[in-house]
Amino acid sequence: MMVLITYDVNTESDGGKKRLRRVAKQCINYGQRVQNSVFECVMDAAKCREVKNKLEKIIDKEKDSLRFYYLGNNYQNKVEHIGTKDSFDVEGTLII
């Protein structure tokens, strides 16, 4: 299923800047960055719970926020992209 993960981390302190970097690094492990604080992730329910738990441990719930949008398995018709930063097919063949 496609899950859109978005976050807003308060960076007014050094601790906030560190949390922001840690959240971004975790998200990179699970999907592709499509905007600064937005990641598209194709994962099953177990992997989604895993990343959610990891991110909840990083953020400060009094200052930061996370949002998970569950687009499901038929997400191709639910996502429209206009402009720069073409994305790649996360479920397609990867050639290295």
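Which residue of E3 stands opposite Gln35? Val38 does, and the views below start from the hairpin where these two sit across from each other. Keep in mind that this is a predicted model.

**View 1. The hairpin of E2 and E3.** Here we zoom in on strands E2 and E3, which form a hairpin with 2 residues between them. E2 covers residues 32–35, while E3 runs through residues 38–42. The two strands pair in the antiparallel sense over 3 bridges. Besides Gln35 and Val38, look for Arg33, which stands opposite Phe39 in E3.

**View 2. The open sheet of 4 strands.** Step back a little and the hairpin strands turn up as part of an open sheet, in the order E2-E3-E1-E4. The pairing throughout is antiparallel. Which strands stand at the edges? They are E2 and E4 (65–72), and each has a single partner strand, so one side of each is left without a neighbour in the sheet. Neighbouring strands are also turned against each other, by 25° on average if you ignore direction.

**View 3. Two rings, Tyr7 and Phe39, form an aromatic pair.** A search of the whole structure turns up 1 aromatic pair, and this is it: Tyr7 with Phe39. The rings are stacked, with 6.2 Å from centre to centre and 20° between their planes. Tyr7 lies in strand E1 and Phe39 in strand E3, so the pair ties together parts that are 32 residues apart in sequence. Phe39 may look familiar, as the residue with Arg33 opposite.

**View 4. Asp8, a residue with an annotation in UniProt.** An unreviewed UniProt entry places the feature "binding site" at Asp8. You can find Asp8 in strand E1, which spans residues 2–8. What does Asp8 touch, leaving aside its neighbours within four places in sequence? The contacts are Asp64 and Ser65.

**View 5. Helices H1 and H2 against the strands.** H1 (residues 14–28) lies across E1, E2 and E3, and runs at about 170° to E1. H2 (residues 45–58) packs on the sheet too, touching E1 and E4. Its direction makes about 170° with that of E4.

**View 6. H1 and H2 side by side, packing at about 170°.** Now for the helices themselves: their axes are 10 Å apart. With that angle of about 170° between them, H1 and H2 are therefore roughly antiparallel to each other. Who makes the contact, residue by residue? From H1 come Arg19, Arg22, Val23, Gln26 and Cys27, and from H2 come Lys54, Leu55 and Ile58. Sorted by class, the contact has 4 nonpolar, 1 polar and 3 charged residues.

Note on methods: Residues numbered from 1 in each chain as written. Predicted model: local features only at pLDDT ≥ 70, side-chain atom pairs only at ≥ 80, totals over all residues. Heavy atoms only, no water. UniProt positions renumbered as here; feature names shortened; annotations may be inferred. Contact = heavy atoms within 4.5 Å. Pairing = 2+ DSSP bridges. Axes fitted to C-alpha atoms, helices over the stretch in contact; angles between N-to-C directions. Parallel < 35°, antiparallel > 145°, perpendicular 65-115°, else oblique. Nonpolar A, V, L, I, M, F, W, Y, C, P; charged D, E, K, R; others polar. Phe/Tyr/Trp six-rings, centres within 6.5 Å; stacked < 30°, edge-to-face > 60°.
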